[in-house]
Amino acid sequence: MLLAKDISHGGVSGVLADGGNGGELGMPSTRISSDSIPVHPMGVKPLGNQYFATGPTARQSLGLLGRLPDEMILQLLEYLDTRSLKDIGFACRFLYAFCQLDDLWKALFLEATSQPPIWKGSWRSTHLKAPTDWRPKIDCSNVFSDVIHRPFACAHIALGKYSSSIPVANQISRFEGLGCDDFARNWSSKPFILTACIQPWPVCRDWNVQELQRRYPDIKFRAEAVDWPFSTYHEYMSNNEDESPLYLFDKGFAEKMNIQIGHNSDAAYWPPECFGSDLFGLLGDERPAHRWLIIGPQRSGSTFHKDPNGTSAWNAVLEGSKYWIMFPPTAQVPGVYVSEDSSEVTSPLSIAEWLLEFHAEARALPGCVEGVCKAGEILHVPSGWWHLVVNLEDGIALTQNFVPKSHLADVLSFLKDKPDQVTGFKKDIDNPYNLFAERLRDYDCHLLEGALDELERRNQTKKRKWEEAIGNKNGTGDNGGGFSFGFGDEDEEIP
């Protein structure tokens, strides 16, 4: 449990954005070090610190509400409208501290408007149109709550200690380049990083966050639940303290930015040749969404997921750096819960909280691979692999999902056996499996037949193992040992 260390005596109050004194009690500005969390701006402390408190605690003023755990109080506050949430915060210090939680105001903002805001440093200030430098000025140093303190602590963890000292056995393989045949024979099912592959791309030379702000300030991009002009998102990137910052993840960027992709003379970039033919390219305009522009501040990223439709992917970093931790398709990742049919993946933790709670355990598991992909490098995500990725600094990346020949059977299996989990296709495409199979048959019938034969062999193997398991359960089998299904093709997309 985190323990807050006071770095000043007496009370704690608000601090203006410029570091000046923001309240009557006055607290010097603090800096986070690599091994500590700064003092909460209102003085709120983790629940464990209550055992060292000598005076009355703010929770004692809650009356009957004090019978409820903090988690339930937070759920009740989520039902309030803007006026009610603002007013109830003045009932007592404990509720005042709760009502400053920015996630409550983020939800209200998203419900209230779809218009791009004038970003003011926090969701509360933005929603209420408060001054940019406004900070809470009430001393809440006798409030002890993990529910309030933990998001603040997670927003200030030092990411570097999780991305450093990677065990040799876990390190993602790194090469300058890779041939197409070598990829197909040896590396299509393994993560790796290429360090000298994307340097010829014009975007690798020309793009950075400041340049995009100069070129495309008024272009609206998708960032999770909002569509904001890049100028607004740029301001948000530069001035937020969200535990899980909004991640710009836009699939229509090429059209919006009017850039060409491919091997024509004016192309901004092109898919690396080492990955071979992308068989989803046979679908032309009917292929599912497959490429995205990714921009985000430090701490932004995506929790554990697998890429959609059984596809493989590459992720090219143009600016910044990203920490990746990955697991094979059948691995059981700590802190990640998968439904029986693999249709739902639940990770009830933010990236920072997962790192705090499960990183050490996960790093010790067989099959875990980790690495930092830096600017000018590209990382391969094999079909079905679990991965979590977090930005170590502000950055830009391009990513694309593809279907290599070596994983054609995986994609066909996914489209056929999990139609309710297929994503990214246009609504007028009723049967993606039939469409893809027809295009493959026209392109190379032997390739399709080979993939279908492989699927049949897999099904026979599963059937045989099932019969052996049932036989042993009934006491009639000759061989010991059961098995568990591991299709390895969960399709959760990046938020």
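These notes go through the confidence of the model, one pair of helices and two buried residues.

1. The structure is a predicted model, and a reader should begin with its confidence: the average pLDDT over the chain is 88, and 88% of the residues score at least 70. Two stretches fall under this level, since pLDDT stays under 50 over residues 1-34 and is also below 50 over residues 477-495. The model has 73 contacts beyond four places in sequence for residues 1-34, while residues 477-495 have 58 contacts beyond near neighbours in sequence.

2. Helix α14, which covers residues 408-417, has eight of its ten residues buried, and it is therefore largely enclosed by the rest of the structure. The buried residues are L408, A409, D410, V411, L412, S413, F414 and L415.

3. Two packed helices are described by the angle between their axes and the distance between the axes. For α14 and helix α15 (residues 432-443), the axes come within 8 Å and cross at roughly 145°, and the crossing is left-handed.

4. The residues that make this contact can be named on both sides: α14 contributes L408, V411, L412, L415 and K416, which meet P432, Y433, F436 and L440 of α15. Sorted by class, the contact between α14 and α15 has eight nonpolar residues, one charged residue and no polar ones. An α-helix has 3.6 residues a turn, so residues three or four places apart point the same way. With that in mind, the student may look again at L408, V411, L412 and L415, which are among the α14 residues that meet α15.

5. Is M257, a residue of helix α12 (residues 253-257), buried or exposed? Its relative accessibility is 5%, and because buried means under 20%, M257 counts as buried. Leaving aside residues up to four places away in sequence, M257 touches W207, L212, Y216, F221 and L293. One of these, Y216, lies 41 residues from M257 along the chain, yet the C-alpha atoms of the two are separated by 7.5 Å.

6. S312 belongs to strand β10, which covers residues 312-319, and it counts as buried because its relative accessibility is 1%. Which residues does S312 touch, not counting those up to four places away in sequence? They are H380, V381, P382, S383, Q400, N401, F402, P404 and H407. With S383 there is also a polar contact to examine, in which a polar atom of the S312 side chain lies 3.3 Å from the backbone nitrogen of S383.

Methods:
Residues numbered from 1 in each chain as written. Predicted model: local features only at pLDDT ≥ 70, side-chain atom pairs only at ≥ 80, totals over all residues. Heavy atoms only, no water. Buried < 20%, exposed > 50% of the residue type's maximum accessible area, 1.4 Å probe, protein only. Helix = DSSP H or I, 4+ residues; strand = E, 2+ residues; numbered from the N terminus. Contact = heavy atoms within 4.5 Å. pLDDT = per-residue confidence, 0-100. Axes fitted to C-alpha atoms, helices over the stretch in contact; angles between N-to-C directions. Left-handed = near helix turned anticlockwise from the far one by under 90°. Nonpolar A, V, L, I, M, F, W, Y, C, P; charged D, E, K, R; others polar. Polar contact = N/O pair within 3.5 Å; in protein donor to acceptor, adjacent residues only side chain to side chain.
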